[in-house]
Amino acid sequence: MTAPAQLKVLSIAELQPGMYVVSVHKQKGTIEIKTQGWARTAAVIEQLKQKGVQELVVDLSKTLDQPKPEVAAPITPLTTTGRNREKVSFEQELGQANTLYQQAKSLQKKAFADIQAGRALNLQPFQDCATGFIDSVFRNQDALLCISRIREKDAYLLEHSVNVSILMTIFAKQMKFDEELIQQLATGALLHDIGKILVPDNILNKPGKLTAEEFAEMRRHVVYSHEILQQIPGLSPVSIDVAAVHHERLDGKGYPHGLAEQQISVYGRMIAIVDTYDAITAQRCYKEGQSGISALKILKRESPQSFDPVLLAQFIKAIGIHPVGTLVKLSNEKLGIVLKANELEPLRPVVKVFYNCKFKRYIEVSVVDLANLKVDLEIESAAMPEDFGIDMIRLFRQSVLE
């Protein structure tokens, strides 16, 4: 039985996260609330304040039960005590990065199984995983970035959130956020797509175009994720926010709530960029992934309508124009994998060369720093492995991990 409405006029100072807003009662500006709904976070309330809202009509019968900040399980402050944070070479970090990546995939697999079985998720392993990512990124971010490029077509559901978490960690480091906030963002990214396990497999893995009904159900994965995350004791509001808004767009054409502009936090804008980038570059059972450069071009083309151009510029700076792990074709018709970015010359990274395109054969591996003045080479274009019959997983394991 539906509870009777309990309408009450509150000042903006009295509005609390979880309250259901019916309408604006008094304001300085001309903001319009398109649809009734919950003010789920303190960030949303702050945005209403900034837009001049002074009083609102709320329905107290619909207030969501939310843990109060003072009793919520705190996230343990991050320290460097007992943790290895010393900067190391790409080669030194690669093994540890690979171990972290495989552990994260196993964690995701267990989480999906827990959700399907109706078991509650334990927050601590996800926080530990995020902390591991942070440590690795601060030691040498290129290693994890490279490992995240090892794609398996049938493992998208497991790999995508892991990759988004890695990219979000690197992005947040570029933004110079404090480590506790980086951990919250990385944790939220790890969990942002957890609701997809509740979408029927025939829709989730459908190779053809989805029907309108199927597309509506696919979109509901964001709602499912949000509902699951709200039930995890101690999970940061920031972590919940990035999961709840990763498909919202600045022009209001995203989903599930059609948020726009200032309704979307900085963190929501960041994960929108990261999530889209990884989705475009991912290998799936029904499509080949595109190159990192192609993904960045798409993101730039859709800015500022969908994506924040200022944040996008920071993201590109964080991962590089030719991200580590990218397959590239050089001006001498050789193929190589980008091993290391050159901050001063982003178009000239360090590349491991291994294939001759002209003769279509593997060659003796060599490492070339394109920024070296003695090297008369440049990157001609990004390359797709399927165009040359190259098994990237096998190549990474033989040429990069070994």
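Which residues does S303 touch, not counting residues up to four places away in sequence? In this predicted model, S303 touches P309 and L312 under that restriction. The residue belongs to the loop that runs between α11 (292–301) and α12 (309–319). S303 has a relative accessibility of 14% and is therefore classed as buried, the limit being under 20%. A polar atom of the S303 side chain is located 3.4 Å from the backbone oxygen of F307.

A second buried loop residue is K196, whose relative accessible area is 10%. K196 is situated between α5 (179–191) and α6 (201–204). When residues up to four places away in sequence are left aside, the contacts of K196 comprise Y156, L157, L204, H221 and S225. In addition, a distance of 7.8 Å separates the C-alpha atom of K196 from that of M218, although the two residues lie 22 residues apart along the chain.

The model also contains an open sheet of four strands, arranged in the order β1-β4-β2-β3 with antiparallel pairing. Strands β1 (7–11) and β3 (37–39) occupy the edges; each has a single partner strand, and therefore one side of each lacks a neighbour in the sheet. On average, and with direction ignored, neighbouring strands of this sheet are turned by 50° against each other. The pairing of β2 (residues 19–27) with β3 is antiparallel and extends over three bridges. Within β3, A39 serves as the bridge partner of M19.

Methods: Residues are numbered from 1 along each chain as its sequence is written. This is a predicted model: local features need pLDDT of at least 70, side-chain atom pairs count only at pLDDT 80 or more; totals for chains, interfaces and linings use all residues. Side-chain values use heavy atoms; hydrogens and water are left out. Two strands pair if DSSP finds at least two bridges between them. Helices (H or I, at least four residues) and strands (E, at least two) are DSSP runs, numbered from the N terminus. Axes are lines fitted to C-alpha atoms, for helices over the stretch in contact, and angles run from 0 to 180 degrees between N-to-C directions. Buried means under 20% relative accessible area, exposed over 50%, partly exposed in between (1.4 Å probe, protein chains only). A polar contact is a pair of N or O atoms within 3.5 Å; within protein, one must be able to donate a hydrogen and the other to accept it, and residues adjacent in sequence count only if both atoms are side-chain atoms. Contact means heavy atoms within 4.5 Å.
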